[in-house]
Amino acid sequence: MPMRYLILLLTSFALQPLSAQELSRATTPADTAEYNIRLFEGRLGRLREAVEKKDVSSMVGVYAHLLGDIREEIGRVENTNPKSVRLEPMLLVLNKFDAFIFDPAKPEELKPYLPRFDEFLALMKEEKTGK
């Protein structure tokens, strides 16, 4: 009986790379950009909600994810289109966050930085709209 499970497990591992390849072929850069925008929007909404509810633990986690998203998007733009007009404004937004240290003991200090996330989101959407 345990041998059956081993064979099943090995078969599933063998099939997993095939499904990943199929997924990567089906995903276009436009799909990826749309996904990244929606992910960022969702996280930004959760951050706003956490700020409203004064849920510091959620603020810390979502804030960290949003900063990671910003860095990933900048890296993607640098790799795909290093002469993009969006790159400099994106870096300016990141520099503003780098100058700010989020202190979970003072969650109110995060509120003035929320529009910066909106600014970055608008820059992400520019690629999709072709501006």
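This tour of a predicted model visits its aromatic residues and then one helix packing.

**Aromatic cluster.** Select Phe40, Tyr63, Phe97, Phe100, Phe102, Tyr113, Phe117 and Phe120, which together form one aromatic cluster. The structure as a whole contains 10 aromatic pairs. Two of these pairs are examined next.

**Tyr63 and Phe117.** Restrict the selection to Tyr63 and Phe117, whose rings make an edge-to-face pair with 6.0 Å centre to centre and 85° between the planes. Tyr63 belongs to helix α3 (residues 56-80) and Phe117 to helix α5 (residues 114-129), so the pair ties together parts that are 54 residues apart in sequence. Tyr63 is buried at 6% relative accessibility, and Phe117 is buried with a relative accessible area of 0%.

**Phe100 and Phe102.** Move next to Phe100 and Phe102, an aromatic pair that is tilted, at 6.4 Å centre to centre and 35° between the planes. Phe100 has a relative accessible area of 10% and is buried; Phe102, at 13% relative accessibility, also counts as buried because the cut-off is under 20%.

**Helices α3 and α4.** Now display α3 together with helix α4 (residues 87-98): they pack at an angle of about 150°, their axes 10 Å apart. Angles over 145 degrees count as roughly antiparallel, so α3 and α4 are placed in that class. Their crossing is left-handed.

To view the contact, select Tyr63, Leu67, Ile70, Arg71, Glu73, Ile74, Val77 and Glu78 on α3, and Leu87, Met90, Leu91, Leu94, Phe97 and Asp98 on α4. Colouring by residue class shows 10 nonpolar, no polar and 4 charged residues in the contact of α3 with α4. Tyr63 and Phe97 take part in this contact and are also members of the aromatic cluster.

Terms used
Residues numbered from 1 in each chain as written. Predicted model: local features only at pLDDT ≥ 70, side-chain atom pairs only at ≥ 80, totals over all residues. Heavy atoms only, no water. Phe/Tyr/Trp six-rings, centres within 6.5 Å; stacked < 30°, edge-to-face > 60°. Helix = DSSP H or I, 4+ residues; strand = E, 2+ residues; numbered from the N terminus. Buried < 20%, exposed > 50% of the residue type's maximum accessible area, 1.4 Å probe, protein only. Axes fitted to C-alpha atoms, helices over the stretch in contact; angles between N-to-C directions. Parallel < 35°, antiparallel > 145°, perpendicular 65-115°, else oblique. Left-handed = near helix turned anticlockwise from the far one by under 90°. Contact = heavy atoms within 4.5 Å. Nonpolar A, V, L, I, M, F, W, Y, C, P; charged D, E, K, R; others polar.
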